[in-house]
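Student: Could you show me how to read a sheet and a nonpolar core?
Tutor: Sure, let's take them in turn.

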Amino acid sequence: MSNRGIRLRSAAVSDVATVVAFAARAATAANWSERQYASTFADRKHHLSLVIEDQGEVVGVVVAHMLDQEWEIQNIAITGAARRRGLATRLMGELMERARAAGAERIFLEVRESNHAARALYEKWAFEPGGRRKAYYRDPQEDALVYRFSFPQGQQK
């Protein structure tokens, strides 16, 4: 994959319509409203929201809730045309680096049990399964697997 034209940056409220449009078509993305995205993107005290652009077009997003030393990845999505190019890996790498630099000790997330691509991504970053939430997802109803990552002691900041 060429890195030409690829740029990571903080999400802005002006990105909401684009993100809502491609996230609505991504079966595995959180089904958030425009209002939820706008509120989350504006809340930089409690959320880290990043987008990835390709040739100036937003093609991916990751959102994490920052809870002091414990962070939760709430949403990650890549538009269909941009999938299978390593962009989710780039988003995860940037999020992990920023979490580490901010003093996070742990990151957790929930993922659909059937979402093997996402599970492979998280396992690539050394996330480990650590629980199950029965019937967590709807449309279709499905269990969530809880994944956890712990930074090695002394690796924060």
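Tutor: We'll start with the sheet, then turn to the cores. This is a predicted model, where local features need pLDDT of at least 70, side-chain atom pairs count only at pLDDT 80 or more, and totals for chains, interfaces and linings use all residues. Residues are numbered from 1 along each chain as its sequence is written, and side-chain values use heavy atoms, with hydrogens and water left out.

Student: What is the order of the strands in the open sheet?
Tutor: Strands are DSSP runs of E, at least two residues, and helices are runs of H or I, at least four, numbered from the N terminus; two strands pair if DSSP finds at least two bridges between them. Here seven strands run β1-β2-β3-β4-β5-β7-β6, with mixed pairing. β1 (6–10) and β6 (128–137) are the edges, each pairing on one side only.

Student: In which sense do β3 and β4 pair?
Tutor: Antiparallel, over eight bridges, between residues 57–67 and 70–78. Val63 sits opposite Asn75 in β4.

Student: Which residues have the most contacts inside the largest nonpolar core?
Tutor: Such a core is a set of buried (under 20% relative accessible area, 1.4 Å probe, protein chains only) Ala, Val, Leu, Ile, Met, Phe, Trp, Tyr and Cys residues joined through side-chain atoms within 4.5 Å. This one has 30 residues, and Trp71, Ile73, Met92, Ile107, Tyr122 and Phe127 have the most contacts inside it. α3 gives the most, with six residues. A second, separate core of 14 residues includes Val16 and Ala77.

Technical notes
Buried < 20%, exposed > 50% of the residue type's maximum accessible area, 1.4 Å probe, protein only.
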